[in-house]
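Please open the structure in your viewer and keep the selection panel at hand. The stops below say what to select next and what is there.

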Amino acid sequence: MNKQEAINALKEHNQEQVIKRLEALDEVSAKKLIAQVASIDWSVVESINHKAEDNSSDRKVEPLEAVEIKDIKANKDKYTAKGIEAIKAGKVAAVLLAGGQGTRLGLDKPKGTLNVGINKDLFLFEQLINNLLDVVNQSGAYVPLYIMTSDKNNNDTVAFFEEHNFFGYDKDYVKFFIQSMAPSVDYNGKLYMESTDSLAMSPNGNGGWFTSLIDAGLDKDMESKGIELVNVFAVDNILQRIADPSFVGATILSGADCGSKVVRKCAPDEKVGVMCKVNGHPSIIEYYEMSEELANMRREDGELTYGFGVILNYLFSFNKLVEIANRKLPLHIVEKKIPYIDENDNLVKPETPNGYKFEKLVLDMVEMMDNCVPYEVERNYEFAPIKNKTGKDSLESARELLKVNGIEF
Ligand SMILES: CC(=O)N[C@H]1[C@@H](OP(=O)(O)OP(=O)(O)OC[C@H]2O[C@@H](n3ccc(=O)[nH]c3=O)[C@H](O)[C@@H]2O)O[C@H](CO)[C@@H](O)[C@@H]1O
């Protein structure tokens, strides 16, 4: 795309404020902005015009039963043996979603570099690797690990792993790939700029992970390794069990395309996506898209009807992922606080939401699966997400749970 083409595209989509910026730039800076403009999928930006179209009434939401802790306890040996067999045979890979920005934590480094230690260093990335090493030790085989980063944090993430010698993991089994970015807009759909020569771009949500993995050619890597199951998990849960043999085994034995670890929600408004069925398909409704009525609905026994929250730990059949790779995931338009430069080039960091980001979400992949097994885990042993500085789901609460699990820090 050249400068004139960029101007035409911006004009066509009513982005005069960016044209003004572009025209004021020298050649080198203009090049950067033009490249960003060229990368924009305008259908994404324009999706806010259809935001008002609420089709939730077309959705038939029903509860989805989970494999509960008591069932797992009764079958633990059988599940574990099956899982270990698959891991030993090299059929299981793991994908760490680490492209997000630690904004809620006020961290400007990759979230996984967070040091949770008090008496000694213990980084979030390090503990995740320790958790995975438990499985390596149990099975005697390394699990290939793919780490998704973003333009904003890739260099820092790779450097951190190198600097710490991959925390004892065999680096030949670790590969990084970068996810795509999407622009942010104000409430009228105008693109925000984060500096005079750059649009306010941010990672396009964790749902883009498989297409980004393909773009990096790593689907071929998985294929050549004979991977059959892919365990996708979030960076922020320090107790995350990765390639958990029992979970792997239970999913294989169920014959389902997908497994999802869930916990019993501790309150109706807990910030977790909820497993359910939508129009007969396994599905997850994200906390900010859940009506109050559904969130508070209770069964006869008093438990929440939609009481199983996902902890962002999914197992997907590799073949099924390949099959759905070309299908478009729905776009989520999320209100966010977006830093931007004002007309006088001052950087403004808003205290309240000031526009929209566009995200694809991994949970929408679950809906594309024919079936999914929710697998219940105990939150004290497997769910300690670090999302905030203090209070719920924070560094403080995670430290308490590390103690419960006898992990030194
Ligand atoms: C969309 C999604 O899955 N939401 C889940 C997420 O909520 P939550 O609100 O934590 O979701 P976030 O968007 O913050 O991020 C989840 C994970 O995805 C990664 N990420 C995010 C955006 C991005 O563009 N790239 C990227 O890699 C983050 O680094 C993180 O590892 O965890 C909760 C459990 O703690 C679940 O109940 C939610 O269903």
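**A loop residue to begin with**

Select valine 377, which is found in the loop between β18 (372-376) and α14 (379-382); helices here are DSSP runs of H or I with at least four residues, strands are runs of E with at least two, and both are numbered from the N terminus. Before going further, note that this is a predicted model, in which local features need pLDDT of at least 70 and side-chain atom pairs count only at pLDDT 80 or more, while totals for chains, interfaces and linings use all residues. Residues are numbered from 1 along each chain as its sequence is written, and side-chain values use heavy atoms, with hydrogens and water left out.

Valine 377 counts as buried because its relative accessibility is 5%, where buried means under 20% relative accessible area, exposed over 50% and partly exposed in between, with a 1.4 Å probe and protein chains only. Leaving aside residues up to four places away in sequence, valine 377 touches Ile69, Lys261, Val262, Val263, Ile311 and Glu382, a contact being heavy atoms within 4.5 Å.

**From arginine 264 into β13**

Now add arginine 264, which is 113 residues from valine 377 in sequence, although their C-alpha atoms are 8.3 Å apart in space. The bridge partner of arginine 264 is phenylalanine 308 in β13. Select the whole of β13 (residues 308-317), where nine of the ten residues are buried. Strand β10 (residues 258-264) runs antiparallel to β13, joined to it by six bridges, and β9 also pairs with β13 in the antiparallel sense, over five bridges; two strands pair if DSSP finds at least two bridges between them. On the β9 side, look for valine 232 opposite tyrosine 314.

**Helix α6**

Move next to helix α6 (residues 124-139), whose end C-alpha atoms are 23 Å apart, in agreement with the 22 Å that its 16 residues should span at 1.5 Å a residue, the expected span being 1.5 Å times one less than the number of residues. Twelve of the 16 residues are buried, so α6 is largely enclosed by the rest of the structure. Its buried residues pack against several elements, including α5 (69-88), β2 (92-97) and β9 (229-234). Just after α6, glycine 140 takes a positive phi of about 80°.

**Last stop**

Which residues line the largest cavity? Select Leu96, Phe125, Leu128, Ile129, Leu132, Leu145, Phe161, Phe233 and Ile242. A cavity is a set of points, on a 1 Å grid over the protein atoms alone, where a 1.4 Å probe fits but cannot get out, and lining residues have an atom within 4 Å of a point. The largest share of this lining, four residues, comes from α6.

Technical notes
On a 1 Å grid over the protein atoms alone, a cavity is a set of points where a 1.4 Å probe fits but cannot get out, and a pocket is an open set with protein on both sides within 12 Å along at least five of seven lines; lining residues have an atom within 4 Å of a point.
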